[in-house]
Amino acid sequence: MVGTRSTETRTPTRREFLKTAGFAAIGAPLVFSPYVQRRAYSCIIVGAGLAGLTAANILKQAHWNVTVLEARQRTGGRVFSFGFKENPDLICELGGEWVGDSHERMKALCQDFGITLRDHRFEASLMRDGVVKRPGQWDFSPQAKTAFEKFRKTFHGYGTKERLRLDRYDWWTWLEEIGFTEDDLLLRDLQDSTDFGETIRMVSAYTAATEYFESSPANEMDFKIEGGNSRLVNALSVSIGNDSILTGMPVANIKQRGGKVTVTAGYAGGKHQAERRQGNRDSRWQNFYCRCLYLYGAGTNAG
Ligand SMILES: Cc1cc2nc3c(=O)[nH]c(=O)nc-3n(C[C@H](O)[C@H](O)[C@H](O)COP(=O)(O)OP(=O)(O)OC[C@H]3O[C@@H](n4cnc5c(N)ncnc54)[C@H](O)[C@@H]3O)c2cc1C
């Protein structure tokens with residue numbers, strides 16, 4: 001489909017009205033006045049995970065025309081709540097699970113949509129060789145505990161250079177380097193993989209340090225969304241408008257040439273075109289992580 005520019009109207013201020021009225025009085029048609037017409041920007045967002053949906057929702061609230069292209073047949077990305085027919089109250093999170101006390105944006109989003117967060121803080125028991133040890137009955141070695149606390153203090157004084165260096169390490173290797181024994185590392189791997197959804201051999205030491213030193217002592221497993229995380233995904237989708245979210249649309253190619261952006265998506269290789277928005281980048285948007293978020297000028301359309 002070919003992109004079209006769209007406009008939206010707003011009520012002019014008194015000063016604008018008077019200026020426009022004066023302009024109209026000398027013969028210019030009112031409808032073309034810049035004071036009553038404003039271009040509505042359009043945007044293509046790749047990926048309907050929480051990042052993409054949140055970005056789409058914010059742009060939608062700011063009256064942008066948004067199109068979200070999602071490769072899978074469902075929205076939510078790494079967030080997917082499974083419900084049991086046998087017990088509708090029982091929800092199993094197959095991906096992202098916990099909302100941490102420091103996850104300000106998640107908490108604000110839930111509040112915006114009237115979604116309740118349930119306090120879910122707990123301490124961990126450890127079952128080892130068939131023996132269950134309650135919280136307080138198991139611990140890391142004194143050597144590992146001392147090394148961890150020493151690192152905590154050092155980390156708070158880290159500047160950008162040290163943080164970048166830390167980011168080149170995986171969490172396992174870093175802990176080994178500061179003095180964790182193999183047994184401590186195995187325990188840490190067991191404990192921390194529940195936070196990251198993968199072994200600490202795959203997690204950046206910097207990411208892990210921010211998780212444990214810059215957030216709550218409860219390891220960010222503080223709250224759960226009542227009824228499952230997919231509730232937030234669904235609420236965002238409704239707010240954006242389900243018609244604006246196209247599933248089964250893997251984006252294969254994005255080309256920016258001559259002020260035009262062409263996004264090729266879908267199994268039929270349909271083209272989605274937009275004009276690139278030049279300049280005036282609002283720094284608020286740059287805070288959003290999204291697989292791929294493009295802020296376009298008018299003319300975005302689904303092919
Ligand atoms: C098992 C597990 C447990 C976790 N536990 C927690 C937790 O407790 N707390 C927490 O905060 N986080 C947790 N996470 C992490 C959290 O789920 C993710 O950080 C978050 O969901 C990522 O959202 P996102 O939108 O950035 O990416 P994603 O959810 O990965 O969304 C990206 C979307 O883009 C789509 N996509 C990719 N490529 C294309 C393409 N070419 N064309 C079109 N679409 C495309 C994907 O299909 C996907 O839907 C966990 C993750 C896992 C896997």
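Two strands are taken as paired if DSSP finds at least two bridges between them, a criterion that applies to the strand views of this predicted model.

**View 1. Strands β3 and β4 pair in the parallel sense.** The pairing of β3 with β4 extends over five bridges, and within this pair I44 stands opposite T67 in β4. The chain passes from β3 through α2 to β4, and the β-α-β crossover that results is right-handed. Four of the five residues of β4 are buried, so this strand is largely enclosed by the rest of the structure.

**View 2. Strand β4 also pairs with β11, which spans residues 245–246.** Here too the sense is parallel, with two bridges between β4 and β11, and L69 is the residue that stands opposite L246 in β11.

**View 3. The largest nonpolar core of the model holds 30 residues.** Within this core, the residues that touch the most other members are I45, L53, A56, V66, V68, L69 and I240. Two or more residues each come from β3 (42–46), α2 (50–61), β4 (65–69), α3 (104–112), β10 (223–225), α9 (230–240) and β13 (260–265), and α2 gives the most, with five residues. In soluble globular proteins, nonpolar side chains tend to be buried together.

**View 4. A56 is shown with its contacts beyond the neighbouring stretch of sequence.** When neighbours within four places in sequence are left aside, A56 is in contact with I45, V66, V68 and I240; these four residues, like A56 itself, are listed among those that touch the most other members of the largest nonpolar core. Apart from that core lies another, of 13 residues, which includes L166, W172, L175 and A205.

**View 5. The ligand is shown with the 23 residues around it.** Of these residues, G47, G49, G77, G96 and G197 come nearest to the ligand. The shell divides into eleven nonpolar, seven polar and five charged residues, and α2 gives the most to it, with three residues. Helix α2 thus appears in several of these views, as the helix through which the chain crosses from β3 to β4, as the element that gives the most to the largest nonpolar core, and as the element that gives the most to the shell around the ligand.

**View 6. The whole chain is included for orientation and comprises nine helices and 15 strands.** Of its 303 residues, 23% count as buried. Among the contacts in the chain with a separation of 6 or more, 66% are accounted for by residues 24 or more positions apart.

Methods:
Residues are numbered from 1 along each chain as its sequence is written. This is a predicted model: local features need pLDDT of at least 70, side-chain atom pairs count only at pLDDT 80 or more; totals for chains, interfaces and linings use all residues. A nonpolar core is a set of buried Ala, Val, Leu, Ile, Met, Phe, Trp, Tyr and Cys residues joined through C-beta atoms within 7 Å. A residue is buried if 20 or more other C-beta atoms lie within 10 Å of its own, exposed if 12 or fewer, and partly exposed in between; C-beta atoms are placed from the backbone. Two residues are in contact if their C-beta atoms, placed from the backbone, lie within 7 Å. A residue is near a molecule or strand if its C-beta atom, placed from the backbone, lies within 6 Å of it. Ala, Val, Leu, Ile, Met, Phe, Trp, Tyr, Cys and Pro count as nonpolar, Asp, Glu, Lys and Arg as charged, and the others, Gly among them, as polar. A crossover is right-handed if, with the strands pointing away from the viewer, the path from the first strand over the helix to the second runs clockwise.
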